[in-house]
Amino acid sequence: MKISLRLRISLALCTTALTIASVAMPAGAQERKVPPAAVSADSAPLSWRACEGAPTVSASRCAEIAVPLDWHAPGSTRVNLRFARLSAAKPTERIGALFFNPGGPGGSAADIAANPEFAKFYFPPQLRDRFDIVGVDPRGIGRSEQIRCTDPPHQPQVTRFPTEPNEVIALERGNAEFGKSCIEGSGKLARHLDTVSAARDLDAVRAALGEHQISFLGLSYGTMLAQAYAEQFPHRLRALVLDGVVDRSLSWRQLVRHGAAAVEDGVRRFAAWCDAQTACAIRERGVRSVITDLLAEADAAPIPAGEASVTSEELVASINGFLNSPLQFEALATALAKAADSDDASALRAGSFFSTGDFYATYRSVICQDVPAPTGYQLADEVERVRALGLTLRGASELWDIVSGCVNWPVDSKWEPHVWRVPDDFTPTLLLSGAHDVATPRPFAEAVADTIPGSTLLRWPGDGHAAHPAHDVCSARAATQYLLTVQLPDPASCGG
């Protein structure tokens with residue numbers, strides 16, 4: 001699931017960096033027999049270089065390998081993968097390689113690993129001391145031959161909540177045209193962006209690095225990538241942390257219903273926060289009242305937002321984006337007050353899922369190959385239900401944004417929903433779940449944890465999408481200790 005807003009704000013909120021106690025790990029702990037390396041990419045030695053955009057003096061280095069575009073035809077066209085490695089600060093105490101994916105799809109893991117100033121927000125000193133932090137930009141993302149689409153991904157005149165035949169037709173046509181523009185802009189790459197292939201790519205990087213096993217920290221969409229990797233290469237994982245867990249067994253209807261309910265809970269939590277804060281800009285008027293009035297105004301005519309204007313549908317998507325982090329509650333209240341008082345919604349656009357940039361084009365191109373999608377008429381039949389579940393924001397959720405955006409996508413989804421399959425001797429796995437996560441609701445983590453032998457689900461009680469890097473210190477501390485020792489924490493240790 002997308003973590004884009006949280007990524008954009010978290011790097012600016014460095015004062016919330018985590019302080020975590022160091023824990024030693026005995027040499028050779030959790031070492032297990034694994035099968036021979038998977039078919040690799042290139043056998044040539046890696047050519048390391050300074051990472052673009054990284055500080056001049058840095059322990060990070062970047063490299064590339066070429067992997068098959070189609071893993072079912074290893075001799076086919078190749079696609080280049082870019083990755084970065086931030087070497088362990090204490091090489092004599094090095095445990096191994098810690099792979100990382102920050103979510104999206106579309107977030108650049110390589111850029112985070114390449115820049116120590118970014119990496120420290122996700123990885124406390126104990127992890128940077130003991131691990132090589134490895135960030136791989138999956139195919140189509142970041143500097144790994146990023147997807148290019150010639151059309152804008154968002155058409156404000158086309159509703160994502162169709163209820164009439166003409167609206168269904170417009171949505172199907174709009175999605176198809178945008179998807180075809182991505183194929184035109186990116187060629188065959190646009191047809192091979194599924195997460196199972198991306199997981200194969202990760203193992204090619206592991207092999208190129210000469211690592212027998214890896215540890216992995218996946219956030220949001222990164223948990224989808226981690227699950228795909230674990231199903232194919234279960235014994236290549238020394239340790240695994242899933243933070244902001246996606247349940248890949250669900251139908252599209254289950255996804256959007258969970259999403260609508262989670263967002264309504266997020267509105268309730270934001271309203272409770274506002275009621276308790278004398279500085280909340282809309283405290284006297286009430287959160288729901290301000291939102292309801294603002295949406296009614298936008299229904300009558302789009303509200304000015306700088307040089308543009310926003311519809312009511314764009315507004316609910318924007319508000320939803322802010323709800324991904326309690327660190328943005330104050331900014332959301334201020335933005336709502338400005339829109340209500342000054343007829344200026346420009347500040348609200350900062351949280352919008354709608355974008356004309358490369359990130360959203362990549363996000364749509366990847367995720368539509370990894371979710372089950374309905375027909376336009378099936379989607380229309382679900383509108384009334386999700387609006388009832390998510391009353392304040394009219395059924396909006398990131399999951400609805402995904403599913404509605406994938407209707408009639410020109411590349412078929414390669415994903416068949418199923419319960420995660422790993423062997424009984426799979427490595428002990430740690431899952432982290434916030435009680436009020438609007439993007440990956442708690443039931444997702446509960447269901448996935450039930451499928452993993454010997455796993456621990458660490459529940460934390462607060463708000464925000466994923467614990468890392470700044471939403472729950474307790475869970476992040478437990479994840480660090482686990483990655484160092486592969487010792488699972490007490491499930492009740494964070495009180496959620």
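Biologist: Which hand does the disulfide of C368 and C406 have in this predicted model?
Modeller: Look at the torsion about the S-S bond of C368 and C406, which is about -90°. The sulfur atoms themselves sit 2.1 Å apart. With that torsion, the disulfide is left-handed.

Biologist: How many residues apart are C368 and C406?
Modeller: This pair links distant parts of the chain. C368 is in the loop between helix 12 and helix 13, while C406 is in the loop between helix 14 and strand 9. In sequence they're 38 residues apart.

Biologist: Is C474 buried, partly exposed or exposed?
Modeller: C474 is in helix 16 and forms a disulfide with C494. Buried means under 20% relative accessible area, and exposed means over 50%. C474 comes out at 26%, so it falls in between: partly exposed.

Biologist: And its partner C494, buried or exposed?
Modeller: C494 lies in the segment after helix 16. Its relative accessible area is 9%, and the cut-off for buried is under 20%. So C494 is buried.

Biologist: What is the pairing of the bonded cysteines, numbered in sequence order?
Modeller: The structure holds 5 disulfides. One of them joins C274 to C280. Count the bonded cysteines along the sequence, and the pairing is 1-2, 3-4, 5-6, 7-8, 9-10.

Biologist: Which residue has its backbone oxygen 3.0 Å from a polar atom of the T429 side chain?
Modeller: T429 is in strand 9 and counts as buried, at 0% relative accessibility. It touches several residues further off in sequence, including L240, I452 and Y482. The backbone oxygen 3.0 Å from that polar side-chain atom belongs to T427.

How values were computed: Residues numbered from 1 in each chain as written. Predicted model: local features only at pLDDT ≥ 70, side-chain atom pairs only at ≥ 80, totals over all residues. Heavy atoms only, no water. Helix = DSSP H or I, 4+ residues; strand = E, 2+ residues; numbered from the N terminus. Buried < 20%, exposed > 50% of the residue type's maximum accessible area, 1.4 Å probe, protein only. Polar contact = N/O pair within 3.5 Å; in protein donor to acceptor, adjacent residues only side chain to side chain. Contact = heavy atoms within 4.5 Å. Disulfide = S-S within 2.5 Å. Lists of a residue's contacts leave out its neighbours within four places in sequence.
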